[in-house]
Amino acid sequence: MSATAEAPLRPVAGPSALGGDLRRFWELTWLLAVTEFRLRFFGSVLGYLWQLARPLMLFGVLYVIFTQVVKFGVEPIAHYPVYLLMALVVFQGFAEATSRSVQMVVTRENLVRKVHFPRLVIPLSVVLTSCFNLALNLVAVFAFVLISGIEPRLEWLWLPVLLVPLVALASGVAMLLSALYVRFRDVSPIYEVVLQVLFYGTPIFYSVETVPDSVQTAYMCNPLAAIIEQLRHAIVDPQAPTAAEAIGGAAWLLVPAGIVVVLFALGFWVFNREAPRVAEEL
């Protein structure tokens, strides 16, 4: 018997995260995201309204509790209902993109096992689908803003700029968690707890002014807190502190910005390293 015949067969390594063809990669990402977005509401009578129902119901519960029960948020926060709804929609967009990405590589095992399929398409398509949902929800938020009597301002043009770090943060976390979940299934319940901590550690139903001065700088190092606070200043209340003012100076904004960059780079590095072996791990 020849030496070649005696040698054990080695498993064929899968493609890299990007698959080598960037155009095909982005086309697949867009196709998968659009398909997922359409299927989510397929056969539903109310369709998109179900997507809006979750943040609206949570908004209703929190608004009643913090304005009628404990009387919180009525005075110190201008246009409190608008701020609460906007903050909830932004946070839910991040939470949806990241939490749904955790198990998606395992769920899409049929695609992962295709030799020429770029694995990174899976978590990024989930993030892109969540961006579609976030965009539609923000349309409802701006309708609520106009109904509330808030006049349009040039600062509203900051919205797409501020969404860039939000999407980058969600993409980095999605890539990191989806890669880790293939090996460590504890990632899913752990991240559920992390999301709960982030929810209460982000100025959603309270303002950053209520945070003690001694911890405000550290508190604002949370990228979600910085993004939501800047959105509050730009869209809801120009008298509210900017993210730079709340964190203690513009230079401090390099910290949350650095966290976004590090998480994105780390997520891509981990996913790209694990991508060729994902099919074997499944």
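**Cavities and salt bridges**

H7 makes the largest contribution to the lining of the second largest cavity, giving three residues. Before going further, a word on the ground rules: this is a predicted model, where local features need pLDDT of at least 70 and side-chain atom pairs count only at pLDDT 80 or more, while totals for chains, interfaces and linings use all residues. Residues are numbered from 1 along each chain as its sequence is written, and side-chain values use heavy atoms, with hydrogens and water left out.

What is a cavity here? On a 1 Å grid over the protein atoms alone, it is a set of points where a 1.4 Å probe fits but cannot get out, and a lining residue has an atom within 4 Å of a point. Grid points are joined across faces, edges and corners, and a volume is the space filled by probe spheres set on the points. Helices are DSSP runs (H or I, at least four residues), numbered from the N terminus.

Back to that second largest cavity, then. It encloses about 40 Å³, and its lining is made up of Leu-32, Glu-36, Arg-100, Met-104, Arg-108, Ile-122, Ser-125 and Val-126. Helix H2 (22-40) joins H7 in supplying at least two residues each. Sorted by class, you get four nonpolar, one polar and three charged residues; here Ala, Val, Leu, Ile, Met, Phe, Trp, Tyr, Cys and Pro count as nonpolar, Asp, Glu, Lys and Arg as charged, and the others, Gly among them, as polar.

Two of those lining residues, Glu-36 and Arg-100, also meet each other through their side chains in a salt bridge, at 3.0 Å from N to O. Arg-100 sits in helix H4 and Glu-36 in helix H2, so the pair ties together parts that are 64 residues apart in sequence. Arg-100 is partly exposed, with a relative accessible area of 24% (buried means under 20%, exposed over 50%, partly exposed in between, with a 1.4 Å probe and protein chains only).

Now for the largest cavity, one of three in the structure of 30 Å³ or more. About 70 Å³ of space lies inside. Which helices each supply at least two residues of its lining? They are H4 (80-102), H7 (121-147) and H8 (158-183), and H7 gives the most, with four residues. The lining includes Gly-93, Phe-94, Val-127, Cys-131 and Leu-166. This lining has no charged residues, just eight nonpolar and two polar ones.

On to the salt bridges, of which a search of the whole structure finds seven. The criterion is a side-chain nitrogen of Lys or Arg within 4 Å of a carboxyl oxygen of Asp or Glu. Arg-23 pairs with Glu-27, their closest N and O atoms being 3.3 Å apart. Because they are four residues apart in helix H2, about one helical turn separates them. Arg-23 counts as exposed at 64% relative accessibility, and Glu-27 is partly exposed at 46%.

Helix H11 (residues 223-236) holds another pair, Arg-232 and Glu-229, three residues apart and so separated by about one helical turn. Their closest N and O atoms are 3.4 Å apart. Are these two buried or exposed? Arg-232 is buried, at 1% relative accessible area, and Glu-229 is buried as well, at 0%. Elsewhere, salt bridges that share partners join Arg-183, Arg-273 and Glu-274 into one network.

Note on methods. On a 1 Å grid over the protein atoms alone, a cavity is a set of points where a 1.4 Å probe fits but cannot get out, and a pocket is an open set with protein on both sides within 12 Å along at least five of seven lines; lining residues have an atom within 4 Å of a point.
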